[in-house]
Structure formats: C-alpha cells, structure tokens
2 protein chains.
Amino acid sequence: MKFKMIYSFLKSDIDLIEKELKTAIDSRSPLLNEASLHLLSAGGKRIRPVFVLLSAKFGDYDINSIKNVAVALELIHSASLVHDDVIDDADLRRGKPTIKSQWDNKTAMYTGDYIFARSLEYMTKIENEEAHKILSNAIVELTVGEIEQIKDKYRFEQGLKDYLRRIKRKTALLIAVSCQLGAIAAGAPSEIHRKLYRFGYYVGMSFQITDDILDFTASEKELGKPAGSDLLQGNITLPVLYAMNDPRLKERIINVNEEVDRAILKQVIEDIKGCGAIEQSHALSFRYLKKALEELEGLPKTSANKTLRDIANFIGKRKF
Amino acid sequence: MKFKMIYSFLKSDIDLIEKELKTAIDSRSPLLNEASLHLLSAGGKRIRPVFVLLSAKFGDYDINSIKNVAVALELIHSASLVHDDVIDDADLRRGKPTIKSQWDNKTAMYTGDYIFARSLEYMTKIENEEAHKILSNAIVELTVGEIEQIKDKYRFEQGLKDYLRRIKRKTALLIAVSCQLGAIAAGAPSEIHRKLYRFGYYVGMSFQITDDILDFTASEKELGKPAGSDLLQGNITLPVLYAMNDPRLKERIINVNEEVDRAILKQVIEDIKGCGAIEQSHALSFRYLKKALEELEGLPKTSANKTLRDIANFIGKRKF
C-alpha cells in the first residue's frame, strides 16, 4: 500500500494545504520564488501536515484554522532542510539537486530564512499562547540540533544516548509537536494532546532510525542519493554505532571520510549490513513503534486513531 | 554628548536587558556560546531596546513585560546581522572580525538561526496577537530585504525608490516596529502606537541614510571597516545614486568592483564626496528627521518624548 492511500480520506484537505503552501512562499522576487518552489515541489511525504490533520480529528476539527498549523510546520520543516543541506554539503535531496547545489550556499541560506519567516506568519494565525510556546521551544531545539550534528560528526567515541538525542531534535520533536499542535488547535484537552505528543515522538524516533537504516540498505535510485551518504559525511547513525561494537570493523569505519576510495566504502557498507547492526537497529525502531502504538491505545477509538496506527505501521515497515 | 548619556535615566533597565540578552543566548554548545557572545559583546548601540523602552513609557510601563519585547527585537536584529555578513562577505563589523570570518559561513548561518530561534521564545512571552502579527510581518520583510539587497547589487540602473524600499526593509521597519511594540506591550492606545511606528520609521530612514553617508565620510577607525566598503561590495547607496547624476562620474562608479585598484577606488570616493552627493543625502536624511520630529509633536509632552527627540537629533547629526 502506498503512503498516500492510507490517508486518502484527507485528500481534499491535503490538497488545500498544498495550495496554501504555494501561496505562502509566493514573493515578488523571481529568484526566491524559483528556489522556494523548487524545494516545495520536491515534495516529500507531507508527513507533518498529515499528522496535524489527523490529530486535530481528536478535537473540534475545522480545516480553516487547522491548516495554519499544518502550513507553519511544513514550512519550518522545509526551511530546516535547506539549511541542513548547507551544513551537510548535500548536493541531492529526494533525487533532485539541492538549493545550495543548484544555486549556492548564500541562496540556500536566505531562501531558508525567507521560508522560515513565512512560517511565522502562519504561526501568528494560531491564537493560542501554549501553542506558540511549544513551537518556539521546538524551533530552539531544532537549531541546537543543527549544531550538535556538526559537532558530533566523525566523533566516533559517542554513544547511543548522543545518537538518540540528535534524532530527537532533528526529527522526532517536530513530528511530536505536529501531533500536539493539531490537537491543541482543535481544542482537544491536555490529556489527549499530550498523548498525541508522545505518539508523535515515538513515531518520529522510529521513522528516523528507519531512515538511517535505509541509508545503508536501499538503492541509490530509491534514496535519491548514493547509499552510505551518512557515513561518508561523518554522520554516525545507529547501524554504525552498533557495527562499531566489533573492534576490527570499528577501525575500518573510523577510516572512512569523504576522500575514501569508493570500493573501500562499498566494502565497509557491506560489512555493516552483514554484522547484525541492521537487525539491531530494526529492533530498536520497532520498540519505538510499539510505544507509539501503545499511546494510541489510550486514545478514543476513532477512524483517525486507526489511520495514525496504519501510518505508524507503514513508517516502521517502509522500504524507502 | 554621547548617545548613552541621552537615555542615562534608563540605565538600570538597559543593564537588565543586557543581562537578559546574555541569558537568552546561553546554550550547552560551547562553540555556539562563543560565537553568539562574540556577536553580542560587539555591542552596538542597543538602539532597538532603547526605542522599545522609551515607547513603552507612553503606556503602562512595566519593565518585566517590556523587556521581552526589547530582547526579542535585539536578538532578531543580531541574527539578521550575522546572516547579512555572510551575504556581504563582510570580514569586519564594528571593528571586530565577523562570525563568518572568525569561523566560517556555516557557523554564521546556524549561529544566526539559533539566535533567531531564541528571539522567538521571547516573542511568545508577549501575550498580544496584534504584536505577533506586526512582528512576523516585519521579519518577512526583513528576509525579503536580504534578497533584494543581493539582487540590487551592482545594478547601477536603479532609482531612489529602489534604495528607499531597501533601507526601509533593512533598517527602518525594525526600528518602527520596536517603537510600536514597546507601546503596544505597555497597553498604549492605537493612535499612540501608530504615531510611534511612524516616528520609528522616519528615524530609521534618517539613520540608515546617515550610515550610508558615513561609509564615505568617516575614517576607517571610526567605521571599524574600510571606508567605501558599500561601494566596493556593489551596494548602491544614496550618495552613489546622487553622484551618478553626473554621467562621467557614473561611468567611473560603474567600473568599481572588488578587484578594482585601491588608488582608483580612493579617487572615486573623493569625487563622490566632492560632487555634492553627500550634501544632497544629508538633505534627504534631514527631511526624514523632520518628519520624525513632527510625529512627536502629536504625542504627550513627557520626558520620554523629549528623550526620543534628543535621540532623533543625535542620530541625524552623528559623525560615526
């Protein structure tokens, strides 16, 4: 089943958000329009808007107010991707040239600034103080995460805790907040929106671990960038951490950097795949997924609940 | 008279804000702390906080709530400076190495992101929907301004309108908003905070024009960077626009770029200074200053009013 099929009943609302995203980034600057549209049309799964909408179903669902939360969150996510690509020197994202590679770092910087500024406009339409505080805190964590990610690069003496903190900031927090703010904007009570926050957090952790596994196991075509890109850029992900438990493999991993011979890289990737690290990573991803599903147990048994479960399961099992 | 002398009666409140700024940027990342502190301690005049406080005096002044507005605005301003230096490839600001020159563009990008994110936390403490809308709109304009500034670089066929729109976005808008939000946060009525907005706007325009004049007339020591830096970077400021009314001077100006011989640059600067362009620029700056003072006429004759007038006059006459 395709991801979009799971939430097909939301299609008209998602289409509305898609349209609103295009309106949101519209500016009088042709270069800015082109760069922003380039980014948005690269698409992605719009996971955050989907979570916002589904979580809002646990309250008083009104697409006209909920859409502002969804648009704000997707724009924040998009802006952070543009700046991430600068930090990671990434040339490809979802198979398309990144803004920093198609234009340059400066263009990427200010396109990110602009999209982020636009997201603020949508945030101000959410008339709820608590929502603002939750979101601004998440944005601080997101930016601190940017920096931690650089600091932790090629730092091979790190532990599971460092990794988990990093992916929390990078991915899980914004998904958690998408769920929580969707519910808050729909006026859901705190015991509901806090559960949805935790659900989003666990799903986000599982999602990012799966992403980090796929960087090793998926094909270049599926990834839209070469396999092993994370390792090559010095990003120490979960499979790498597990693989380094073998001292001999660890020594070879430590020697990987952007100048490494591609044949050697390929062999290291194969050995990481063969040493059990992928299975261990899947197991941890699955534990987070299970925790996510447990949170749903405590929520009303609605069709939104079922859809969130389907999405969580899809995310846990996805192949790319 | 020194700038700080004018508002000496605000000293304890400004000191409080200074302390709060340091708290605001505190993070667990040593690099980030260092870069952010480097930026904040380079200081600047804290014009925006001063305008916030003085404008708040037209309402129910409570430093504990007003300080959040002042800190948010100064952080937004600081964040935008860091990104501006990336865009302008500037190595010096206020006589100190910029973050992008002391570290690199990436560090500058995420330090700016981080400081900006912190400013949002202070914004959320302002419990006023109108304030949020005004500020988010100003931030959008600020980022659009970043881009327009790049687009307009070395574009010698531009007019006064382009220049004025650029400095509005770059400087005047945030000063206008500082005045307006200070008053709004203090519960001042709309006829007051709108007047203060216009006052700030006019002062900001006058301030930036003076800044652009000083780039030609002040010494390298006063500027903290070489004179004529704007022209060298292709930023077409008001004195340049006026100087280009002389076709022969225009041709020589057009040939200035970052590779130009320094002796030729020096002569072009001298000729811009000698052709009347500086006097014309002063005249326009003075017209804005006069409009600013007229707005104050319509406001209660308080000591805050007098101080705003003193600051405006100081800004109009400052030598560096």
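**Close-up views of a predicted two-chain model**

**Figure 1. Arg46(A) occupies the loop between α3 (30-41) and α4 (47-56) of chain A.** Helices (H or I, at least four residues) and strands (E, at least two) are DSSP runs, numbered from the N terminus. The model is predicted: local features need pLDDT of at least 70, side-chain atom pairs count only at pLDDT 80 or more, and totals for chains, interfaces and linings use all residues. Residues are numbered from 1 along each chain as its sequence is written, chains are lettered from A and ligands numbered from 1 in the order in which they are written, and side-chain values use heavy atoms, with hydrogens and water left out. Phi of Arg46(A) is positive, near 55 degrees, although the residue is not a glycine. Most residues other than glycine have a negative phi. Arg46(A) has a relative accessible area of 7% and therefore counts as buried (buried means under 20% relative accessible area, exposed over 50%, partly exposed in between, with a 1.4 Å probe and protein chains only).

**Figure 2. Tyr154(B) and Asn257(B) are in contact.** Tyr154(B) belongs to the loop between α8 and α9 (160-185) of chain B. Its phi is positive, about 55 degrees, in a residue that is not a glycine. With a relative accessible area of 33%, Tyr154(B) is partly exposed. Asn257(B) sits in another loop, between α14 (247-254) and α15 (262-274) of chain B, and is partly exposed at 31% relative accessibility. Neighbours within four places in sequence aside, Asn257(B) is in contact with Tyr154(B) and Leu232(B) (contact means heavy atoms within 4.5 Å). Gly224(B) is 33 residues from Asn257(B) along the chain, and the two C-alpha atoms are separated by 21 Å.

**Figure 3. Cys179(A) is a buried residue of helix α9 of chain A.** The relative accessibility of Cys179(A) is 0%. Apart from neighbours within four places in sequence, Cys179(A) is in contact with Phe51(A), Ser55(A), Leu196(A), Tyr197(A), Phe199(A) and Gly200(A). Arg48(A) is 131 residues from Cys179(A) in sequence, while their C-alpha atoms are 8.0 Å apart in space. Cys275(A), by contrast, is partly exposed, at a relative accessible area of 34%. A disulfide is a covalent bond between the sulfur atoms of two cysteines. Over all chains the count is 0 disulfides (pairs of cysteine sulfur atoms within 2.5 Å).

**Figure 4. Thr98(A) lies in the loop between β2 (96-97) and α6 (99-102) of chain A.** Thr98(A) is buried, its relative accessibility being 3%. Beyond four places in sequence, the residues in contact with Thr98(A) are His38(A), Asp85(A), Ala90(A), Asp91(A), Leu92(A) and Arg93(A).

**Figure 5. The largest cavity encloses about 310 Å³ of space.** Residues nearest to its centre include His83(A), Asp113(A), Phe116(A), Asp113(B) and Phe116(B), out of 23 that line this cavity. Two or more lining residues come from each of α5 (63-87), α7 (105-123) and α8 (129-151) of chain A, and from each of α5 (63-88), α7 (105-123) and α8 (129-151) of chain B. By class, the lining has 11 nonpolar, 8 polar and 4 charged residues (Ala, Val, Leu, Ile, Met, Phe, Trp, Tyr, Cys and Pro count as nonpolar, Asp, Glu, Lys and Arg as charged, and the others, Gly among them, as polar). A cavity is a set of points, on a 1 Å grid over the protein atoms alone, where a 1.4 Å probe fits but cannot get out, and lining residues have an atom within 4 Å of a point. Grid points are joined across faces, edges and corners, and a volume is the space filled by probe spheres set on the points. The whole structure has 10 cavities of 30 Å³ or more.

**Figure 6. The second largest cavity has a volume of about 130 Å³.** Its lining comprises 14 residues, with Gln149(A), Arg166(A), Lys170(A), Asn235(A) and Thr237(A) nearest the centre. At least two lining residues are supplied by each of α9 (160-185) and α10 (190-217) of chain A, and the largest share, 4 residues, is that of α9(A). The lining of this second cavity divides into 3 nonpolar, 5 polar and 6 charged residues.

**Figure 7. At the interface, 37 residues of chain B are in contact with 37 residues of chain A.** Between the two chains about 3500 Å² is buried, 66% of it from carbon and sulfur atoms (buried area is the accessible area, with a 1.4 Å probe, that two parts lose on being put together, summed over both). Lys106(B), Met109(B) and Ile147(B) supply 17% of the area that chain B buries against chain A, more than any other three residues.

Note on methods. 1 Å grid on protein atoms, 1.4 Å probe; cavity = no way out; pocket = protein on both sides within 12 Å on 5 of 7 lines; lining within 4 Å.
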